[in-house]
Amino acid sequence: MTTHAEALDRNARIQAINPVVLEALSPLGHRAFFPKGIPYQAGQAKACAINATIGQITDGAGNPIPLAPMAEKLAGLNPKDAFLYAPIAGREAARKIWHAKLVKEDARMEKVGLPVAGAGVCHALNMASELFFAPGDTLILPDLYWDNYEQVFQVRLQGDFMPFPFYGADGGFNLEGLKEKLASVPGKVHVLLNFPSNPNGYSPTPEELVAIGNVLVEAAAIRPVVVYCDDAYHGLVFEPSATTKSLFFELIDRSPNLIPLKCDGATKELSFFGGRVSFLHFGVDKAIAEILVDKCMGLIRSGLGGTVGLSQHLVELELQDERHEAEFERLRLILAGRYQRLKAALAKPSPYWTVYPFNAGCFCLLKLRDGLDADQIRQQLIAEEGVGVVSQQGNCIRIAFCSIKEESVVPLIEALERVCAKH
Ligand SMILES: Cc1ncc(COP(=O)(O)O)c(C=O)c1O
């Protein structure tokens with residue numbers, strides 16, 4: 001299949017600004033572009049008095065014709081925000097307000113262009129990976145990772161994982177492990193880092209974050225390095241020693257060979273799980289970022305079709321509201337209470353498990369002693385104790401403290417002890 005002339009045009013523009021980015025694109029990333037089809041033409045005709053472009057049922061004056069039961073429930077909203085298509089890249093207001101939130105957190109974000117909106121953080125990751133990750137490519141990542149990365153990078157995109165142990169000898173992030181793996185891959189390489197992490201609830205110290213950034217910049221001295229920052233749990237940090245900043249901030253404008261991609265969203269950060277609102281920022285030259293947004297619009301158009309305007313609008317309302325910061329803090333403190341209770345419950349050494357260091361996010365991870373089968377323990381916990389946890393990697397139990405009451409923490413640990421003691 002030949003590459004469409006429109007894609008060739010985008011690629012030539014990227015090439016003229018930074019050929020490394022073009023080189024780093026996957027075959028699909030090369031081919032992707034937003035066509036001058038219906039949404040494009042409808043956008044051009046937006047201000048026309050008579051606009052017969054898009055297949056969207058309206059009153060002829062740009063207003064939707066909603067059905068009453070839904071309209072009644074959403075009566076507080078302008079029907080246009082609730083019922084009409086969102087632009088393919090997402091609502092401009094939502095993209096701007098999320099970007100502004102990040103600029104407020106770190107001024108380095110000013111150098112980064114507007115994100116494309118997605119339908120959940122997984123979708124942001126999906127677009128990022130489809131643009132850059134080619135079959136046979138290698139993904140370096142810590143060995144404790146969200147299991148869905150296997151679906152994204154192995155099953156869907158046919159890549160190989162090169163994991164390194166998450167923790168170093170001091171119980172902190174394993175910087176040496178990351179360095180070693182980077183040194184062992186000669187050409188273009190991909191790195192995925194998720195902080196605060198799932199499944200083990202770790203956020204680096206500020207010093208570790210800077211050091212990780214420096215290692216990635218060094219690795220990019222001679223070849224393209226694509227870094228996927230999965231910031232799904234951004235801001236959910238419970239110890240003053242752990243950073244609340246994103247690794248992405250450390251990578252902005254550091255090297256023409258470094259391509260940082262920030263995947264984040266409202267799912268956990270705004271406790272809006274069903275909303276499916278996410279953002280993908282490109283930490284490259286703004287003109288290239290704009291072209292990459294265009295390529296993502298092509299991916300969206302051919303996959304989801306479009307993202308969810310209603311929930312993007314709700315995110316806008318939340319972030320514009322003067323109560324937002326206090327509300328986020330209220331949420332964080334609820335989780336912090338459970339976190340403290342869990343820390344205390346796990347403080348005494350257990351004959352059955354060791355606890356991976358955790359300070360953030362929604363989870364902690366226990367490594368069971370040799371001979372204990374995590375999935376068997378998990379199933380027994382359900383059958384005998386009415387307690388649900390997740391088993392991972394054969395010998396680990398993940399506890400999602402985000403979804404249990406503070407007073408359930410101790411009973412959960414006691415139930416786990418009882419089941420382990422039976423083996
Ligand atoms: C590390 C990580 N990244 C991404 C996601 C996906 O989030 P979303 O539900 O917004 O797609 C999750 C969800 O559990 C996650 O744990």
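Biologist: How do strands β9 and β11 pair, and over how many bridges?

Modeller: As a general idea, strands of a sheet pair through backbone hydrogen bonds, either parallel or antiparallel. In this predicted model, strand β9 (residues 363-368) and strand β11 (residues 396-400) pair in the antiparallel sense over five bridges. One point to locate on screen is C364, whose bridge partner in β11 is I399.

Biologist: Which sheet do these strands belong to, and in what order do its strands lie?

Modeller: β9 and β11 are the inner members of an open sheet of four strands, ordered β8-β9-β11-β10, with antiparallel pairing. At the edges are β8 (353-355) and β10 (390-392), each of which pairs on one side only. From one strand to the next, the twist averages 30°.

Biologist: What is the strand order of the seven-stranded sheet, and what is its pairing?

Modeller: That sheet is also open, and its order is β1-β7-β6-β5-β4-β2-β3 with mixed pairing. Its edge strands are β1 (116-118) and β3 (160-164), each paired on one side only. Ignoring direction, neighbouring strands are turned by 25° against each other on average. Within this sheet, β6 and strand β7 (residues 278-282) run antiparallel and are joined by five bridges. There, G265 stands opposite S278 in β7.

Biologist: Which strands does α10 touch where this helix packs on the sheet?

Modeller: Helix α10 touches β2 (138-142), β3 and β4, and its direction makes about 145° with that of β3.

Biologist: At what angle do helices α10 and α11 pack?

Modeller: The angle between α10 (residues 175-184) and α11 (residues 206-219) is about 10°, and their axes are 10 Å apart. Angles under 35 degrees count as roughly parallel, so α10 is roughly parallel to α11. On the α10 side the contact is made by L175, L178, K179 and L182, and on the α11 side by A211, I212, V215 and A219. By class, this contact has seven nonpolar residues, no polar ones and one charged residue.

Biologist: Where are P196 and P199 placed, and what kind of peptide bond joins each to its partner?

Modeller: P196 is found in the loop between β4 (189-194) and α11, and P199 is in the loop between β4 and α11 as well. A cis peptide bond joins F195 and P196, with omega about -20°. Another cis peptide bond joins N198 and P199, with omega about 20°.

Biologist: What is the phi of D253, and where does this residue lie?

Modeller: D253 has a positive phi of about 60°, although this residue is not a glycine. D253 lies in the loop between α12 (247-251) and β6 (258-265).

Biologist: Which residues are around the ligand?

Modeller: The residues around the ligand are G120, V121, C122, W146, N194, N198, D230, A232, G265, T267 and S278. N198 is thus a residue of the ligand shell and a partner in a cis peptide bond. G265 and S278 belong to the shell and also stand opposite each other in the β6 and β7 pairing. By class, the shell has four nonpolar, six polar and one charged residue.

Biologist: How is the chain divided into domains, and how many residues are in contact between them?

Modeller: Domain 1 covers 18-33 + 88-320, and domain 2 covers 325-421. Their centres, taken over C-alpha atoms, are separated by 27 Å. In the contact, 20 residues of domain 1 meet 18 residues of domain 2. The side of domain 1 that touches domain 2 has ten nonpolar, eight polar and two charged residues.

Methods: Residues numbered from 1 in each chain as written. Predicted model: local features only at pLDDT ≥ 70, side-chain atom pairs only at ≥ 80, totals over all residues. Axes fitted to C-alpha atoms, helices over the stretch in contact; angles between N-to-C directions. Helix = DSSP H or I, 4+ residues; strand = E, 2+ residues; numbered from the N terminus. Parallel < 35°, antiparallel > 145°, perpendicular 65-115°, else oblique. Contact = placed C-beta atoms within 7 Å. Nonpolar A, V, L, I, M, F, W, Y, C, P; charged D, E, K, R; others polar. Pairing = 2+ DSSP bridges. Near = placed C-beta within 6 Å. Domains from an automatic or database assignment.
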